[in-house]
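Reader: Could you take me through one part of this model up close? I'd like the ligand site, piece by piece, in one go.

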Amino acid sequence: MSTATETIEGLVKQDYKYGFVTDIENESAPPGLSEDIVRLISSKKGEPEFLLEWRLRAYRYWLTMTPPDWPQVHYPPIDFQDIIYYSAPKRRGDAPKSLDEVDPKLLEMYAKLGIPLRERERLAGVAVDAVLDSVSVGTTFKEKLAEKGVIFCSFSEAVREHPDLVKKHLGSVVPYTDNYYAALNSAVFSDGSFCYIPKGVRCPMELSTYFRINAAKSGQFERTLIVAEEGSHVSYLEGCTAPMRDENQLHAAVVELVAMDGAEIKYSTVQNWYPGDENGRGGIFNFVTKRGLAKGRCSKISWTQVETGSAITWKYPSCILQGDNSVGEFYSVAVTNNYQQADTGTKMIHIGKNTKSTIISKGISAGRGQNSYRGLVKIMKSASHARNFSQCDSLLIGNRCGAHTFPYIEVKNTTARVEHEATTSKIGEDQIFYCNQRGLSTQDAVNMIVNGYCKEVFRQLPMEFAVEAQKLLGVSLEGSVG
Amino acid sequence: MLEIRNLHAGIDGKQILKGVTLTINPGEVHAIMGPNGSGKSTLSAVLAGRDGYEVTAGEVIYQGKSLLEMAPEERAREGVFLAFQYPVEIPGVNSTYFLKAALNEVRKHHGLVELDAIEFLALVKDKMKALELREDFLKRPVNEGFSGGEKKKNEIFQMAVLEPKLAILDETDSGLDIDALKVVSAGVNRLRRADNAQLVITHYQRLLAYVIPDFVHVLCDGRIVRSGGKELALELEQRGYDWILSERNHTA
Ligand SMILES: Nc1ncnc2c1ncn2[C@@H]1O[C@H](COP(=O)(O)OP(=O)(O)OP(=O)(O)O)[C@@H](O)[C@H]1O
Ligand SMILES: [Mg+2]
């Protein structure tokens with residue numbers, strides 16, 4: 001018996017394929033956080049007064065707060081004065097006007113990541129906004145989108161070109177008072193993506209952002225805001241990688257979504273930040289606040305996430321179902337291997353009548369990984385006939401890992417229907433043997449079984465992302481067969 | 001093709017096979033019968049290389065090589081196929097994907113080009129029909145939600161696709177209704193060739209009426225206590241196992 005466990009554990013040893021550092025000249029602020037740094041960030045970006053004021057309010061509020069201690073994760077205290085809050089690739093002269101002006105080394109790096117921007121452009125029709133460290137380096141397909149009135153650009157550009165839209169929606173879903181890391185992000189965010197879909201428009205292509213942390217000791221604090229006006233539709237993809245480093249790096253992002261009447265936002269994430277090495281050294285602390293406001297009637301917000309990276313993941317993409325008949329969805333695969341820890345889940349807040357939410361969570365733990373699902377389903381008094389279905393499954397590979405489930409259910413309306421199902425299983429030796437007996441290696445068998453286990457979630461991803469996610473899962477769980 | 005010599009094996013410190021000796025030549029069908037718990041499934045598990053079994057003595061030669069030294073997937077690629085007594089469900093894994101991957105592993109092993117999805121579907125279509133499997137069968141996850149009989153049929157379907165050299169059928173007949181039994185038996189018989197062999201484990205003569213064995217062996221308490229032709233199965237059906245055991249005790 002024990003030999004089988006050992007083989008399975010051997011399989012989940014992985015090498016991080018994305019661990020290269022790109023040699024690009026950076027312009028960085030000194031480490032540490034103060035009002036001056038906040039002002040520096042704001043002035044570097046030539047921001048309007050309202051934004052600087054907002055950042056400062058956030059910073060002052062943050063000073064009064066303490067980091068959350070309730071998640072089921074353990075790490076040494078973070079020294080916020082040891083982090084670099086602004087780091088940008090140095091540019092020759094002005095900002096690049098097209099991809100041709102982007103540093104060829106950057107483009108090369110994207111190729112290494114498997115996202116050759118141009119090829120992707122042509123082949124898949126994906127508009128990519130690539131964020132390196134904290135600054136957006138080039139947005140593709142802008143013109144084609146502009147024809148439809150869709151705005152898709154870096155956050156900084158949105159601040160310059162569309163300040164009214166930013167002013168109206170920034171912080172409207174995740175106020176800076178929301179939590180410790182949201183406050184920090186609000187004070188120091190340096191870039192991110194902005195996306196606006198006008199009334200009645202179906203965005204003609206998948207929008208996509210790739211985030212990468214490159215500079216050492218730098219934190220990444222990007223901010224994404226997506227606004228979908230009445231009857232519009234958008235599908236947005238987000239991917240992330242980071243180089244291998246011995247020290248931990250902080251990533252504290254905020255994502256806000258707003259969906260008006262009948263609008264639909266589908267937000268997919270494939271998160272592959274550096275998870276640390278086999279002994280738990282290094283890796284990204286991924287402390288992220290993501291929330292969508294289904295503001296209008298019949299609006300819909302759907303989160304899909306595949307989380308394979310990060311030393312620590314702390315994130316709960318949530319939906320506030322305010323509009324009557326609005327719909328919220330959360331589909332998640334979270335993998336923890338070696339010493340990775342994840343505390344992730346969702347919140348579904350039902351306010352409007354006939355609101356409906358679905359939660360499908362698949363946690364996979366291997367090595368000494370710890371995986372927690374934490375989810376809140378809250379049915380407010382006003383939400384008559386609200387419905388929720390939650391399914392939280394945990395899969396254990398080996399016997400030194402852990403899975404935990406923390407469902408919170410608050411129902412204040414008696415007409416609501418809330419269903420919760422949870423299972424925990426071990427990857428079956430009989431399943432692996434069955435595959436072996438048909439000629440498949442144990443490695444392939446584990447991949448196949450885990451992929452099958454996650455199918456419901458992968459099905460939600462856009463086609464090309466689903467393929468990438470499956471491969472990533474394979475990489476996360478593969479290794480040398482003992 | 002297969003030579004089992006004085007095989008002793010057990011699990012969790014419990015001795016189950018206590019000296020099994022059996023030779024199977026190409027083109028032959030051997031049946032193994034025996035009371036519950038006598039070690040039939042254990043024998044098939046040891047031959048297929050299931051983890052957790054300790055072989056304490058004896059050897060197994062398969063096509064001139066030491067079978068017990070090969071990894072289970074290697075045995076499979078070399079043509080050893082086990083139709084499971086209890087086929088395993090693999091939720092979410094599409095049957096087409098699974099079987100195509102399996103077939104391509106075998107093909108790669110023999111230096112053949114891998115089949116793409118279209119070639120694969122063309123290949124399996126007739127085999128599905130022959131086993132009276134429904135069209136949607138390949139789209140469903142491996143064995144998930146299959147009825148007991150469907151699972152057994154699926155094993156024989158996989159066998160038909162993989163075309164093994166040595167097929168071990170562990171109680172493939174149990175749980176099949178009479179029509180399914182005929183279909184499955186016909187499937188097994190179609191795979192019978194001069195260059196391959198079958199080892200059929202069963203409790204019932206009714207299977208052996210369709211899949212006619214060249215030899216019948218009786219496994220009792222981890223040993224083959226009697227071997228004979230197909231008529232031995234009939235005799236067992238009528239008289240049970242006790243007479244063999246008592247005869248054995250007399251002569252011992
Ligand atoms: N893990 C185990 N630990 C101890 N005993 C075991 C274990 N697995 C199997 N056995 C025992 O080994 C013996 C042989 O089992 P096996 O499954 O090979 O029998 P079988 O001949 O196939 O029986 P059946 O006709 O019921 O299928 C049984 O007594 C069984 O209880
Ligand atoms: Mg048995």
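Author: Here's a walk around the site of ligand 1 and then the metal beside it in the list. Keep in mind that this is a predicted model. Ligand 1 has 15 residues around it, and the closest are Gly37(B), Lys40(B), Ser41(B), Thr42(B) and His203(B). Sort that shell by character and you get eight polar residues, four charged and three nonpolar. As for where they come from, strand 2 (14–24) and helix 1 (40–48) of chain B each put in at least two residues. Helix 1 of chain B gives the largest share, with three.

Now for the side chains that reach oxygen atoms of the ligand. Lys40(B) has a side-chain N or O atom 2.7 Å from an oxygen of ligand 1. For His203(B) that kind of pair sits at 2.9 Å, and for Asn36(B) at 3.0 Å. On its own, ligand 1 would expose 650 Å², and the protein buries 66% of that.

Ser41(B), listed above among the closest residues to ligand 1, turns up again at the metal. The magnesium ion (ligand 2) takes its protein donors from Ser41(B), through OG, and Gln85(B), through OE1, at 2.0 to 2.3 Å. Those two come from distant parts of the chain, 44 residues apart: Ser41(B) belongs to helix 1 of chain B, while Gln85(B) lies in the loop between strand 6 (80–83) and helix 3 (95–109) of chain B. Their exposure is worth a look too. Gln85(B) has a relative accessible area of 16%, so it counts as buried, whereas Ser41(B), at 28%, is classed as partly exposed; the cut-off for buried is under 20%.

Key: Residues numbered from 1 in each chain as written. Chains lettered and ligands numbered in written order. Predicted model: local features only at pLDDT ≥ 70, side-chain atom pairs only at ≥ 80, totals over all residues. Heavy atoms only, no water. Near = heavy atom within 4 Å. Polar contact = N/O pair within 3.5 Å; in protein donor to acceptor, adjacent residues only side chain to side chain. Areas by Shrake-Rupley, 256 points an atom, 1.4 Å probe, with all protein chains shown as cover. Helix = DSSP H or I, 4+ residues; strand = E, 2+ residues; numbered from the N terminus. Nonpolar A, V, L, I, M, F, W, Y, C, P; charged D, E, K, R; others polar. Donors = N, O, S within 2.8 Å, 3.2 Å for Na, K, Ca; no water. Buried < 20%, exposed > 50% of the residue type's maximum accessible area, 1.4 Å probe, protein only.
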